[in-house]
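Trainee: Before I use words such as buried or oblique, I would like to learn how each one is earned. Could we go through them one at a time?

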Amino acid sequence: MTRSTSRTAASKGVPFVSSPVLATKLPAWRSRVVLFLMFIAFLTLAGRALWLQGMSTDFLQKQGASRYTRTLELPATRGKITDRNGQVLASSIPVKAVWAIPDDVLEAPKEKIRQLADLLDMSERDLRRKLDSDRNFVYLKRQVDLDTVDKILKLGISGIDTRKEYKRYYPEGEVMAHIVGFTNVEDKGQEGMELAFQKTLAGVTGSRRVIKDRLGRIVEDIEAVREPHDGKDLALSIDSKIQYIAFSQLKEAVEKNKAKAGGIVVLDAKTGEVLALANLPTYNPNNRSVLTGAQLRNRVLTDTYEPGSTMKPFTIALALEHKIITPNTMIQTAPGKLTIGTATIGDAHAEGLLSVSQIIEKSSNVGTAKIALQMQPHDMWDMFTGVGFGQQPKIGFPGAVAGRVRPYKSWRPIEQATMSYGHGISVSLLQMAHAYTIFARDGDLIPLTLQRSTDQPIGQRIVSEKTAHLVRDMLEMAAGPNGTAPQAQVPGYRVAGKTGTAYKIEHGKYVKKYVASFVGFAPVSDPRIIVAVMIDEPSVGQHYGGQVAGPIFSAVTANALRALNVAPDSSVTNVIIPTEPLRESL
């Protein structure tokens with residue numbers, strides 16, 4: 001069509017749609033639907049954008065932050081443990097944990113992997129086993145000293161990093177092990193005072209937020225969330241000098257007597273503070289690679305035994321209180337045996353007629369039993385429980401046991417008789433030492449503590465002052481030349497105490513194995529310390545308390561009194577020990 005013809009058609013009112021090329025084949029409503037759908041899609045996208053940018057901002061930011069921000073724990077420094085004079089018994093030293101990103105480390109040359117294993121004190125095989133992990137983070141070793149860490153980092157192995165932490169160090173080692181205890185790799189108390197005062201010593205950890213890259217390196221420090229608060233120091237009642245004296249003498253005695261175990265505790269009679277506490281076998285808390293249950297047992301607090309003749313003073317004290325006897329009351333112990341029902345008890349030596357004071361001095365089972373049978377069972381039970389037997393010690397130490405005193409209503413006469421001299425009853429060494437404070441003081445029982453104390457203790461009256469002094473005199477006789485423990489004497493000091501020897505019970509039956517013990521105090525004129533010793537299964541021939549435990553008491557008491565600057569109260573400098581000293585009755 002020519003241009004003139006086209007103009008002619010337009011001028012004549014002919015529409016373009018009449019052209020077969022430009023003619024619309026689809027209905028007009030279809031285009032409107034498409035336009036509407038595009039408008040709806042736009043509104044949907046705009047709504048979604050508004051939701052993400054306006055309503056879900058916090059959620060999305062948290063999701064993003066979780067991929068690059070980390071909250072690091074800031075460890076608090078654990079408090080120190082010291083003795084009563086400020087000598088450090090446990091402290092924290094800075095160390096580091098070595099960790100790795102396994103995939104990155106395994107790409108290192110074999111020679112560097114071998115060097116890394118040597119520095120970590122492990123075989124290359126063990127190291128590769130640790131690195132053979134699907135995790136992105138593995139600890140290679142905890143509590144690595146700083147010098148070793150520097151050498152590891154100098155290897156330049158990609159994927160190796162460290163984390164700050166602390167390791168406990170115990171300067172006194174095995175000497176203080178059962179008192180102080182130890183912590184685990186997480187710096188949490190597991191034994192001893194470390195466990196008992198975990199919250200006090202641990203403090204409160206802090207935290208801060210940082211941004212890390214994929215290799216775990218900190219690229220930005222965002223903020224401190226919480227500042228760490230270091231733990232508080234703990235001052236114990238223990239005197240390191242006396243502790244070492246007690247430990248050394250106990251160790252020597254256990255080795256000399258080839259004993260299974262032993263324990264010793266030293267108390268301050270004025271304040272109730274524990275000045276020393278030791279057990280054997282023991283362990284080194286700085287090296288616990290090989291550790292057995294026997295080494296961990298704090299026998300002074302957790303083990304019970306039949307106290308034997310060390311119980312006799314309590315029976316006599318009760319009889320004195322009830323005015324059943326006086327120190328000069330005569331008791332017939334001949335012929336050295338006493339039959340009660342179908343059972344017979346006996347003495348090591350047939351002594352005949354003895355005064356009450358001599359019954360303690362000679363340690364007569366027959367005399368003690370005859371006095372006990374004149375009393376009511378409930379009175380004896382009240383006495384025993386009153387001094388702490390059968391009651392868990394309130395000393396704040398984990399594992400302290402109560403021992404066993406059977407209800408008095410079930411006692412038969414023979415049981416009442418044997419309990420009067422320490423059979424059929426079980427106590428811990430700490431309980432026995434604590435009970436003897438009523439004789440070392442003026443008849444009152446004061447609470448014990450393992451923490452240094454400056455407060456004057458408030459005692460509970462158990463017996464009268466007169467009774468306490470009368471029994472004290474008898475105990476001085478027992479530790480004298482004519483008693484069962486002349487080996488317990490201390491040159492320059494008057495001492496008082498009682499021996500104990502008892503058979504052990506295995507599978508519900510008495511067996512021919514012994515526990516030898518001695519509990520005493522000094523100086524008698526004004527008692528300052530109480531010392532209790534127990535040797536389990538001495539096996540070189542001697543097994544009586546006076547022979548085995550008495551010498552330990554003597555050595556520890558002599559050195560402890562000098563360490564405390566206690567003035568001598570006796571002019572006797574040469575101790576007389578008979579060739580054949582008396583043996584206490586079993």
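Mentor: Let us begin with a definition: a residue is called buried when its relative accessible area is under 20%, exposed when that value is over 50%, and partly exposed in between. Please keep in mind throughout that this is a predicted model.

Trainee: Why is Gly203 called partly exposed?

Mentor: Gly203 has a relative accessibility of 28%, and partly exposed is the word for values between under 20% and over 50%, so Gly203 counts as partly exposed. Gly203 sits in the loop between α10 (198–202) and β6 (206–212). Once its neighbours within four places in sequence are left aside, Gly203 is in contact with Ala76, His229, Asp230 and Gly231. One of these partners, Ala76, is 127 residues away along the chain, and yet the two C-alpha atoms are separated by 6.0 Å.

Trainee: What makes Asn286 partly exposed?

Mentor: The reasoning takes the same steps: Asn286 has a relative accessible area of 32%, and partly exposed covers what is neither under 20% nor over 50%, therefore Asn286 is partly exposed. Asn286 belongs to the loop between β10 (274–280) and α12 (293–296), and, not counting residues up to four places away in sequence, Asn286 touches Arg168, Tyr169, Tyr170 and Gly173. Its C-alpha atom is separated by 8.4 Å from that of Phe182, with these positions 104 residues apart along the chain.

Trainee: How do you know which of the words buried and exposed belongs to Lys323, and which to Ser363?

Mentor: Lys323 has 71% relative accessibility and counts as exposed, because the cut-off for that word is over 50%. Ser363 has a relative accessible area of 0% and is buried, because the cut-off for that word is under 20%. Lys323 is placed in the loop between α14 and β11 (330–332), while Ser363 is found in the loop between α15 (356–362) and α16.

Trainee: What makes the phi of these two residues worth a remark?

Mentor: Most residues other than glycine have a negative phi. Lys323 is not a glycine, but its phi is positive, at about 60 degrees, and Ser363, also not a glycine, has a positive phi of about 60 degrees as well. There is a glycine to set beside them, Gly388, which follows α17 and has a positive phi near 110 degrees.

Trainee: Which residues of α17 are buried, and against what do they pack?

Mentor: In helix α17 (residues 377–386), the buried residues are Pro377, Asp379, Met380, Met383, Phe384 and Thr385. The buried residues of α17 pack against α14, α16 (365–372), α18 (413–419) and α20 (437–440). For the protein as a whole, 48% of the 586 residues count as buried.

Trainee: Why are α14 and α21 called oblique to each other?

Mentor: Two packed helices are described by the angle between their axes and the distance between the axes. The axes of α14 (residues 312–321) and α21 (residues 465–478) come within 10 Å and cross at roughly 140 degrees. Roughly antiparallel would need an angle over 145 degrees, and roughly perpendicular would need 65 to 115 degrees, so α14 and α21 are oblique to each other. Their crossing is right-handed. In this contact, Pro313, Ile316, Ala317, Leu320 and Glu321 of α14 meet Thr467, Leu470, Val471, Met474 and Leu475 of α21. By class, these are eight nonpolar, one polar and one charged residues.

Trainee: What makes the word for α5 and α6 roughly perpendicular?

Mentor: The axes of α5 (residues 110–119) and α6 (residues 124–131) come within 9 Å and cross at roughly 100 degrees. That angle falls in the range of 65 to 115 degrees, therefore α5 and α6 are roughly perpendicular to each other. Lys110, Ile113, Arg114, Leu116 and Ala117 in α5 meet Glu124, Leu127 and Arg128 in α6. By class, this contact has four nonpolar, no polar and four charged residues.

Trainee: Where are peptide bonds called cis, and what is omega there?

Mentor: Most peptide bonds are trans. A cis bond joins Leu280 and Pro281, with omega about 0 degrees, and Pro281 lies in the loop between β10 and α12. Another cis bond joins Ala522 and Pro523, with omega about -15 degrees, and Pro523 is in the loop between β18 (509–522) and β19 (529–536).

Key
Residues numbered from 1 in each chain as written. Predicted model: local features only at pLDDT ≥ 70, side-chain atom pairs only at ≥ 80, totals over all residues. Heavy atoms only, no water. Axes fitted to C-alpha atoms, helices over the stretch in contact; angles between N-to-C directions. Helix = DSSP H or I, 4+ residues; strand = E, 2+ residues; numbered from the N terminus. Parallel < 35°, antiparallel > 145°, perpendicular 65-115°, else oblique. Left-handed = near helix turned anticlockwise from the far one by under 90°. Contact = heavy atoms within 4.5 Å. Nonpolar A, V, L, I, M, F, W, Y, C, P; charged D, E, K, R; others polar. Buried < 20%, exposed > 50% of the residue type's maximum accessible area, 1.4 Å probe, protein only.
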